[in-house]
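Open the structure in your viewer and keep the selection tool ready. This tour goes from one stop to the next.

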Amino acid sequence: MPLAASAIYFLNLRGDVLINRLYRDDVGGNMVDAFRVHIMQTKELGTCPVRQIGGCSFFYMRISNVYIVIVVSSNANVACAFKFVVEAVSLFKSYFGGAFDEDAIRNNFVLIYELLDEIMDFGYPQNLSPEILKLYITQEGVRSPFSSKPTDKPVPNATLQVTGAVGWRREGLVYKKNEVFLDIVESVNLLMSSKGSVLRCDVTGKILMKCFLSGMPDLKLGLNDKIGLEKESQLKSRPTKSGKTIELDDVTFHQCVNLTRFNSEKTVSFVPPDGEFELMKYRITEGVNLPFRVLPTIKELGRTRMEVNVKVKSVFGAKMFALGVVIKIPVPKQTAKTSFQVTSGRAKYNAAIDCLVWKIRKFPGQTEPTMSAEVELISTIAEKKSWTRPPIQMEFQVPMFTASGLRVRFLKVWEKSGYNTVEWVRYITKAGSYEIRC
């Protein structure tokens, strides 16, 4: 069942009601008292964001120093409720110049009430797009002195934007230079055993776009995913030669993507919003190309000495390089003195995190730098406890490399005026949870 909110409350950290809106008459006006008594005063705010009290459900989230509480009396969609809160906060920030806190709410009572009437009708969420709402709610919020400058007002054409099929883009946009920037950003998550076998590995990625295009363009994006290439070969009645194909899992799209065309043609077709947005997210669990392999050797020599040898091999191409590489090798808490020998970068002992930290600013591909360290430990009289070795952790960023192998085969822009477009494509791979047991 979709969200059918009975009321929404904005509370400060003391539990005082800053602003509230009742959408239905199936709950009493004193429901916020139940939230204070049963949740805030019992110190259970951080345990679970959903609570049931007296036949009503409370969905709450803390943003800065404000609690946003949605009260429902029926079986509602929890994910829809929290999605509504996140989108509503983004909307308020766009009116308030990027700030959303207790002071911003107190300074914009009238505007918030007007927005609450528009974004929810009888408890059901409506349009929360800032670009659309600003077309007919033109009141400017009281901005923080640290907020960004207000942008130019859009062309007023509210009826078409609210009722039309393309509600995320307004008409009449004109740019002197039509450009499209596309970034594929991936995070590698790895857990490797001390013997070098992969215990867990996956890649989470997202495609970010920034469009500065005139008019109402129609874009088509082609990737080297397996399903899309199979569909294309069927339409052309001949096999497609596009190198490696990959299988995308858990794909989610921006609302601008034409899902009907994607289901039939397996191509990503869309009319893009103006500016920056996230086109799609995905996950890959098979055929991951690891950018680095770490080979650690840690020897405990008695109770007062350790030898640490770590070799890191970059698996990507020799013409590429990684930036900001950080390798953290855990050592016991009783470490007293360390000495290092590195073939690249710099290493030091960080007592705050009990790790040897090896940093390499620029890491070329197909190289194998090494680090050797001698660690002296404090000898204690108490019986020695066995040291449980935490895994080695890595941080890095590799431009123009994708661990999944995802590639953009084509990006086509069509607009009735037929202008020329400049497309820019960039690939970035980062470390998510990159751990190697030692």
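Leaving aside neighbours within four places in sequence, which residues is Leu221 in contact with? Keep in mind that this is a predicted model.

**Stop 1: Leu221 and its core**

Select Leu221. Its contacts beyond four places in sequence are Leu182, Ile207, Thr267, Val268, Phe270, Leu279, Val408, Phe410 and Leu411. Now widen the view. The largest nonpolar core has 65 residues. Within this core, Leu221 is one of the residues that touch the most other members, along with Ile207, Met209, Phe270, Leu279, Phe292 and Val308. Next, colour strand E8, residues 179-192. Strand E8 gives the most to this core: six residues.

**Stop 2: a second core**

Move to Ile68, Phe100, Ala104 and Ile137. They are among the 36 residues of a second core, separate from the one at the previous stop.

**Stop 3: helix H1**

Select residues 31-40, which form helix H1. Which of its residues are buried? They are Met31, Val32, Ala34, Phe35, Ile39 and Met40. These residues sit on the same side of H1, because they cover an arc of only 160° around the axis. What do they pack against? Show strands E1 (7-12), E2 (17-22), E3 (50-53), E4 (56-63) and E5 (66-72): the buried residues of H1 pack against these strands.

**Stop 4: aromatic rings**

Turn on the aromatic side chains. The structure holds 14 aromatic pairs. Take Phe253 and Phe262: their ring centres are 4.8 Å apart and their planes meet at 65°, so this pair is edge-to-face. Phe253 is partly exposed, at 23% relative accessible area. Then select Phe292, Phe316, Phe363, Phe396, Phe401 and Tyr434. Ring pairs link them into a cluster. Phe292 also appeared at the first stop, as a member of the largest nonpolar core.

**Stop 5: charges over rings**

Select Arg24 with Phe122. Arg24 lies over the face of that ring, 4.1 Å from the ring centre. Now go to Lys362 and Phe321. Here Lys362 lies over the ring face, at 4.4 Å from the centre.

**Stop 6: cysteines**

How many disulfides does a search of the whole structure find? Zero. Select Cys256 to see why. Its closest cysteine sulfur is in Cys211, 8.4 Å away, so the two are too far apart for a bond. Cys256 is buried, at 4% relative accessibility. Finish at Cys355. The closest cysteine sulfur to its own is in Cys438, at 9.7 Å, again too far for a bond. Cys355 is buried as well, with a relative accessible area of 10%.

Methods
Residues numbered from 1 in each chain as written. Predicted model: local features only at pLDDT ≥ 70, side-chain atom pairs only at ≥ 80, totals over all residues. Heavy atoms only, no water. Disulfide = S-S within 2.5 Å. Buried < 20%, exposed > 50% of the residue type's maximum accessible area, 1.4 Å probe, protein only. Helix = DSSP H or I, 4+ residues; strand = E, 2+ residues; numbered from the N terminus. Arc of directions from axis to C-beta. Contact = heavy atoms within 4.5 Å. Phe/Tyr/Trp six-rings, centres within 6.5 Å; stacked < 30°, edge-to-face > 60°. Lys NZ or Arg CZ within 6 Å of the ring centre and 35° of its normal. Core = buried A, V, L, I, M, F, W, Y, C linked by side-chain atoms within 4.5 Å.
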